[in-house]
Amino acid sequence: MSPVELGAGFSGLPVDHPWLLAVLILAAALALAASWRGRPPRIAWPALEEVRAAGGRRHDPAAWLSRGLRLLALLALAVVVAGPHAQDPRPPPPGEGIDLALVVDTSLSMRALDAEVDGEWRTRLDLAREVVRRFALHRVADGDRVGLVVFGETAFTQCPLTSDGRLLATALGRVVPGMAGEATALGDALALAVKRVSFAAGPDVSRGDVGRVVVLLTDGRSNAGVIPVDVATALARERGIRVHTVGIGSEGEVAIAGSQGGAGRGLRFERHDLDSEGLSRIAEATGGRSFEARTPADLEAVYREIDALERIPREEREALRGHEPVPEPFLALAGVLLLGEVVTTRVLRRRLP
């Protein structure tokens, strides 16, 4: 087997120079073979045949153990020379991923009962909250910082950008229809989300718009607030923040749940049209994409697609993270193995001088 072929088998080891490791392993094996062939001649012993006939062993196990320990020590030293490093299984620290602001509409129309899940009718907000929660926790686990902005007649930050999944899940669990009023202040919500990711990133954003994203979910059109949607859109474009828009809900009249969220008393039918063109303009102006979700399956698919779109390439993430050299365990292992060889040679297998 050539060094190139041997190196292919060790290319997955966490070392800086896998090919050097392969060459050193091959050299250690050749050196051990050469030492075995170059043993000094033995002294003839007339009674050797009688000893073998009486059950004496032809090969000395202690000698084999000594050479095995020596080979393992050489392999450990070869790993040290090749540059071993730690592969951290934990998520990368905050700042190596994406700063992501999730904007959720909590206006009156989000009480619409047009989402059927397992034979049960649920409100748009119930469905959106579950899908957004899974999406947010997945991104946090991958090293991103995620924040939550909710809006109705006004907009406010429900959760700042964080890498704490439990905090984010708790904040999402407290999102209810009407908590920010019953109208739709779309411009205020977008401007607030842009502000959150802009200030969190700091003045030095080395990756530009790769690291700052807003995902805006709504089922209506802007009819409240003090900041026009086009002004908030221009602000996002100026700051280099990409905005993906998600329109949710069915067309026509839909049943609106009562204030308690159920389908019983207080149920009424209303029509809340989605401003698809307006959402498309926001996304196009900022370099994002516009989606529509009419069913629960559609909404799941939309957030999966956004998840695939907003990813830092693996090579860039690894370059950002780097690695920590860890030769100490292999040096300690080599020392223990060499000590074992000395004990085997000088204590278990004593020779005549």
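## Helix H9

In this predicted model, the buried residues (under 20% relative accessible area with a 1.4 Å probe, protein chains only) of helix H9, which spans residues 276-286, are Gly-278, Leu-279, Ile-282, Ala-283 and Thr-286. Seen down the axis of H9, these buried residues fall within an arc of 135°, so they line one face of the helix. The face turned away from this buried side carries Glu-277, Arg-281 and Glu-284, which are exposed (over 50% relative accessible area). H9 is followed by Gly-287, whose phi is positive, near 85°.

## Nonpolar cores

The largest nonpolar core (buried Ala, Val, Leu, Ile, Met, Phe, Trp, Tyr and Cys residues joined through side-chain atoms within 4.5 Å) has 33 residues, and those with the most contacts inside it are Leu-102, Leu-148, Leu-299 and Tyr-303. Among the elements that each supply at least two residues of this core are strand S1 (99-105), helix H5 (124-141), strand S4 (145-151) and helix H10 (296-309). H5 gives the largest share, eight residues.

Leaving aside neighbours within four places in sequence, Leu-102 is in contact (heavy atoms within 4.5 Å) with residues including Val-132, Phe-135, Ala-136 and Val-215. A second, separate core of 22 residues includes Val-149, Ala-189, Leu-216 and Ala-236.

## Partly exposed Leu-77

Leu-77 is placed in helix H4 (residues 61-82), and at 33% relative accessibility it counts as partly exposed, a class between the buried and exposed limits.

## Basis of the model

Residues are numbered from 1 along each chain as its sequence is written. In this predicted model, local features need pLDDT of at least 70 and side-chain atom pairs count only at pLDDT 80 or more, while totals for chains, interfaces and linings use all residues, and side-chain values use heavy atoms, leaving out hydrogens and water.

How values were computed:
Helices (H or I, at least four residues) and strands (E, at least two) are DSSP runs, numbered from the N terminus. The arc is that of the directions from the helix axis to the C-beta atoms.
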